[in-house]
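Colleague: Please choose one part of this model for a first-year student and examine it closely. Then show how other parts of the chain are joined, and explain each term when it is needed.

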Amino acid sequence: MTTESITITRPDDWHLHLRDGDVLNSVAPFTAKQFQRAIVMPNLKPAVTTVKQAIDYLDRILAAVEGSDFEPLMTLYLTDNTSAQEIMAAHKSCFIKGVKLYPAGATTNSDEGVTDIRNCDAALEEMQRAGLPLLVHGEVTDSDIDVFDREKVFIDRVLIPTMGRFPELKIVFEHITTADAVDFVQDSGPNIGATVTVHHLMYNRNAMFEGGIRPHNYCLPVLKRESHRQALLRAVASGNAKFFLGTDSAPHARNLKESSCGCAGIFSAHAAIELYTAVFDLIGAIDKLEAFASFYGPDFYGLPRNSGTITLEKSEQTIPESYPMADQSVVPLMAGQTIPWKIRPEHA
Ligand code: NCD
Ligand code: ZN
């Protein structure tokens, strides 16, 4: 029997880029419509490195979603110079829920990132003590390491030694893309979790080269081969509580993607929960969707689960070719294509 509709606890997005200014105003309502809460990435320019900057950014986000009950969960951007005092202040603030590690140069706006994780030991020590999770962009940046191997090498060179020095530190391995990462997270203790994006569940690396170069399917970590995608699908279908929803929705204006040096990032906030639902339905794991989308994230972060619900219907919708974004446009995931699920409008 096919499931025609499903009602789940209101989901959260545990990895999201909202940007700033007019772009923030354009994209934040998409997330507020789908999710109750989201972990908001701090890779602005300049990066959100202090509690003061995070408060100001929080205010701008709240203004952008005025009238909704969306709750932004803020993060700090870890640098070589982040002090234990700043971490303590972040923990006390109560609205900062994680600290993000971008290896310097790994991805969009990561120039201020960490050059050597050992420079951050004082901050990590304090995070371990406070129970404040480290959120990692898990790729090394060395130009001599093949771009498709950077996640695996990060595990060996950065993650394992860091976990050795801070065995109790909570770590979220963000947007995992490989069987290596799946195995690593599965085999680690309960303080290690991982987010999985919908695009890494939907596509393998062929999607970047279908009939020509497809810049809108380019993100970091880059899409991997099919066997890795299958490992991600098995991980989420297994119902293992270490794997939870994080879209990594990362909007860039169309002209910055369709360029001789296009930006990394896929915008998925417009239909994220519908697309996850389609994936779980396709692999016969729709009974595992609610826990993945709504339970395992808050459980890992030590936050309450949401109390509201949303209903998804098996009913087709066509995704627009683009959405307006500030004075430009953004091309969404599945632009111009039809997808099989949609959220039931609240007042239908
Ligand atoms: C993100 C962005 O654009 O900010 N890009 C991406 O491809 N995911 C940065 C990131 O999370 O790596
Ligand atoms: Zn991201």
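Modeller: Strand S4, residues 71–77, is mostly covered, since six of its seven residues are buried. Here strands (E, at least two residues) and helices (H or I, at least four) are DSSP runs numbered from the N terminus. Buried means under 20% relative accessible area, exposed over 50%, and partly exposed in between, with a 1.4 Å probe and protein chains only. The model is predicted, so local features need pLDDT of at least 70 and side-chain atom pairs pLDDT 80 or more, while totals for chains, interfaces and linings use all residues. Residues are numbered from 1 along each chain as its sequence is written, chains are lettered from A and ligands numbered from 1 in the order written, and side-chain values use heavy atoms, without hydrogens and water.

S4 has a neighbour in strand S3, residues 37–40: three bridges join S3 to S4, and the two run parallel. Strands pair if DSSP finds at least two bridges between them. Within this pairing, Arg37 stands opposite Glu71 in S4. Between S3 and S4 the chain passes through helix H2, residues 51–64, and this β-α-β crossover is right-handed. That word applies if, with the strands pointing away from the viewer, the path from the first strand over the helix to the second runs clockwise.

S4 also pairs with strand S5, residues 96–101, in the parallel sense over four bridges. Leu76 faces Val99 of S5 in this pairing. Helix H3, residues 84–93, takes part in a further right-handed β-α-β unit, with S4 before the helix and S5 after it.

The loops along this stretch hold two details of the backbone. In the loop between S3 and H2 lies Pro46, and the peptide bond from Lys45 to Pro46 is cis, with omega near -5°. The loop between H3 and S5 contains Cys94, a residue other than glycine whose phi is nevertheless positive, near 75°. Cys94 counts as exposed because its relative accessible area is 55%.

From S4 the account moves to another group of strands. S1, S10 and S15 form an open sheet in the order S1-S10-S15, with antiparallel pairing. S1 and S15 stand at the edges, each with a single partner strand, so one side of each has no neighbour in the sheet. Five bridges join S1 (residues 5–9) to S10 (residues 309–313). In this pairing, Ile6 has Leu312 as its bridge partner, and Ile8 stands opposite Ile310. On the way to S15 (residues 342–343), S10 contributes two bridges, again antiparallel; there Leu312 stands opposite Ile343.

A metal site also joins separate regions. The zinc ion, ligand 2, has His15 (NE2), His17 (NE2) and Asp248 (OD) as its protein donors, at 2.0 to 2.1 Å. Donors are N, O and S atoms within 2.8 Å of the metal (3.2 Å for Na, K and Ca); water is not among the atoms, so sites may look incomplete. The spacing of these donor residues in sequence is H-x1-H-x230-D. His17 belongs to the loop between strand S2 (13–16) and helix H1 (21–34), and Asp248 to the loop between strand S9 (243–245) and helix H9 (254–257), so the pair ties together parts that are 231 residues apart in sequence. Both His17 and Asp248 are buried. Arg19 is found in the same loop between S2 and H1 that follows S2. Arg19 has a positive phi, near 60°, although it is not glycine, and it counts as buried because its relative accessibility is 12%.

Aromatic side chains supply further links, and eleven aromatic pairs are counted. Rings of Phe, Tyr and Trp (its six-membered ring) pair if their centres lie within 6.5 Å; planes under 30 degrees apart count as stacked, over 60 as edge-to-face and the rest as tilted. One of the pairs is Phe30 with Tyr323, edge-to-face at 4.7 Å centre to centre and 65° between the planes. Phe30 lies in H1 and Tyr323 in strand S12 (residues 323–325), so the pair ties together parts 293 residues apart in sequence. Tyr323 is buried because its relative accessible area is 15%. Tyr276 and Phe292 form a tilted pair, with 5.6 Å between centres and 55° between planes. This pair links helix H10 (residues 272–282), which holds Tyr276, to helix H11 (residues 289–301), which holds Phe292, 16 residues apart. Both Tyr276 and Phe292 are buried. Ring pairs also link Trp14, Phe244, Phe300 and Tyr301 into a cluster.
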